[in-house]
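Dear colleague,

I am passing on the structure we spoke about, together with the sequence, so that you can look through it yourself. Below it I have written out what was found.

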Amino acid sequence: MRPASAPARDQPRAPRALPGAVAGVLAAAVAIGAAQLVAGLTAPASSPVLAVGQAAIDLTPLPVKNFAISAFGTADKTVLLGGILVVLALYAAVVGIMAVRRLAFGMWGLGLFAFIGLWAALTRPGSTADYLWPTLVGAVAGAITLAWLAGAAGRLSAPPVIRPAPAPDTLTPPDLPVPPDASEPGTGSSFTFLPNPDDQGPPRGPARRRFLVGSGIAAAVAVGGTAAGRVLATRRDVTLARGALRFPRPAVAAPPLPVGSDLHIRGLSSFITPNDTFYRVDTALLLPQVDPSTWQLRIHGMVQREVTITFAELLRRPLIEAYVTLTCVSDPVGGPYVGNAKWLGARLADLIRQARPRAGASQLLCTSVDGFTSGTPLQVVLDGRDALLAVAMNGTALPVEHGFPARMVVPGLYGYVSATKWVTDIEVTTFADATAYWATRGWSQQAPIKTESRIDVPAIGSTLRPGPTQVAGVAWAQHKGVAAVEVRVDRGAWHEARLAAVPDIDTWRQWVFQWQATPGDHVIEARATDKTGYTQTAVQAQPAPNGASGYPSAAVTVRSS
């Protein structure tokens with residue numbers, strides 16, 4: 001046993017996990033903030049978080065992509081970035097805990113993070129040496145922060161320093177006690193040890209303050225760097241350039257919309273989809289900001305004459321207007337990824353013929369400024385339909401998210417094989433010699449849009465009152481035309497719906513059916529027939545590999561109160 005007079009000594013304690021985790025997360029935040037700042041000064045797309053996100057999109061298996069699109073819709077990119085940041089925070093917390101125990105372990109973890117960022121940035125299409133700097137600067141800033149905060153966190157866990165009591169024979173005047181008068185009865189020698197006024201004890205307060213102050217500075221640097229990087233990135237914003245554009249009068253104007261093209265039923269999709277509600281599905285985490293003054297399109301490959309055209313030259317060509325409905329192949333049956341707009345652009349066929357394609361060519365491999373590719377059948381572009389290199393949408397310059405300054409619009413084909421945004425390169429080639437982005441991931445190389453319909457009214461799960469009820473929706477069969485739409489309730493007989501007027505065969509078509517609703521639970525279905533005589537199939541199919549199929553349905557409840 002230890003003598004009662006012996007001072008108790010605290011045993012060394014293991015480093016605290018929480019301060020280490022905080023140190024790691026803040027070091028990662030500083031690294032990201034510094035990288036964002038440098039990316040804003042050089043190339044916004046070189047940000048390691050964005051680069052890793054784009055790499056994740058490219059490498060994600062097809063079933064996972066399909067799940068993300070179906071589960072999160074157009075918010076899939078936000079969810080992806082959020083997921084990356086959560087994983088990064090967890091990883092950084094572990095790195096911080098290791099760094100408190102041994103700094104070298106933390107630095108190795110930080111080095112792995114930097115390596116992944118460098119790999120992702122340098123493998124992006126169009127990457128240059130400038131793509132190195134954000135990750136490198138971020139790694140250095142993160143390492144400095146980690147070393148500082150890990151050291152401060154370690155001091156929080158240091159064992160207290162207990163000084164042993166001095167032995168009596170080591171005391172010297174004036175420390176020696178004054179001996180009592182031996183003649184007085186009941187007295188003897190005694191010692192009283194008083195605390196040393198120079199001993200301040202373990203430095204808990206200063207260590208804690210140092211850690212908190214360092215953490216606050218790191219958080220401020222991280223927030224400031226990120227905010228400054230975003231501000232700098234907006235220098236490349238093309239909003240002003242887009243707003244300053246003026247388009248010449250079209251050589252071929254779109255025909256006036258016929259009377260009755262929009263049924264004006266509440267809840268029914270309007271014939272023209274407004275730009276701000278038009279669906280957006282693409283692979284871009286960061287919207288490309290392409291200045292029209294520097295944009296150009298190159299047409300090359302299996303051609304007799306390579307063609308390069310600037311935006312100013314494009315606007316000097318004859319421009320035509322056309323109503324065209326676009327559809328994404330990811331659209332499930334009855335889904336939202338379809339929209340109709342009035343487009344303005346130059347005939348794509350005229351541009352391709354100017355390059356004089358060689359015999360045997362079958363595909364236009366179209367490349368976006370961010371590296372995305374789509375493969376469009378050459379014969380489809382040349383068959384006389386209104387395939388456009390579009391510059392405007394619904395009377396205004398293309399919104400940035402929809403491809404400003406120029407994009408492809410080809411009626412009758414799903415977007416992944418025809419609607420390349422921010423297009424800058426068209427290679428005339430063959431399907432055997434080149435495979436586009438989604439085709440390498442299991443989707444069909446050629447993808448004509450399937451004849452489909454959708455029920456907009458009543459909404460799924462609605463509670464209705466008995467009596468006359470409007471069932472309405474839209475149907476599409478681009479470049480074939482919708483000839484009829486039929487509706488049935490509870491798998492009963494099919495009834496023909498009334499169709500709205502349309503300006504041509506490349507747009508969707510509204511329809512409405514008057515249903516005498518009776519009390520109970522009901523399932524409403526619809527099907528479309530195109531002008532070739534083909535009727536929408538009941539066979540259920542998922543979007544992959546060439547578009548969903550099946551009847552759209554809406555389950556509703558009818559009751560009197």
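Pro 458 sits in the loop that runs between strand 11 (452–457) and strand 12 (463–464), and the peptide bond that joins Val 457 to Pro 458 is cis, with an omega of about 0 degrees. Please keep in mind throughout that this is a predicted model. A cis bond is also found from Phe 404 to Pro 405, where omega is near 10 degrees, and Pro 405 belongs to the loop between strand 8 (396–397) and strand 9 (407–409).

Two histidines deserve a look for their backbone angles. His 264, although not a glycine, has a positive phi of about 55 degrees, and its place is in the loop between helix 8 (239–244) and strand 1 (296–301). His 479 likewise has a positive phi, near 65 degrees, in a residue other than glycine, and is placed in the loop between strand 13 (467–476) and strand 14 (482–489). I point these out, along with the cis bonds, because most residues other than glycine have a negative phi and most peptide bonds are trans.

Are these two histidines buried or exposed? His 264 counts as exposed because its relative accessibility is 69%, and the cut-off for that class is over 50%. His 479, at 28% relative accessibility, counts as partly exposed, since that class covers values between 20% and 50%.

Turning to the helices, the axes of helix 2 (residues 48–59) and helix 4 (residues 76–101) come within 10 Å of each other and cross at roughly 115 degrees, and this crossing is right-handed. On the helix 2 side, the residues that take part in the contact are Val 49, Leu 50, Val 52, Gly 53, Ala 56 and Ile 57, and they meet Leu 80, Leu 81, Ile 84 and Leu 85 of helix 4.

Finally, there is a nonpolar patch on the surface, formed by Leu 59, Tyr 91, Leu 112, Phe 115, Ile 116 and Trp 119, which together have about 620 Å² of accessible area. Helix 5 (residues 103–122) supplies the largest share of this patch, namely four residues. Phe 115 has its place in helix 5, and Phe 115 counts as exposed because its relative accessibility is 56%, where the class requires over 50%.

With best wishes

Notes:
Residues numbered from 1 in each chain as written. Predicted model: local features only at pLDDT ≥ 70, side-chain atom pairs only at ≥ 80, totals over all residues. Heavy atoms only, no water. Patch = residues over 30% accessible without salt bridge, like charges linked within 9 Å, V, L, I, M, F, W, Y side chains within 5 Å. Areas by Shrake-Rupley, 256 points an atom, 1.4 Å probe, with all protein chains shown as cover. Salt bridge = Lys/Arg side-chain N within 4 Å of Asp/Glu carboxyl O. Helix = DSSP H or I, 4+ residues; strand = E, 2+ residues; numbered from the N terminus. Buried < 20%, exposed > 50% of the residue type's maximum accessible area, 1.4 Å probe, protein only. Axes fitted to C-alpha atoms, helices over the stretch in contact; angles between N-to-C directions. Left-handed = near helix turned anticlockwise from the far one by under 90°. Contact = heavy atoms within 4.5 Å.
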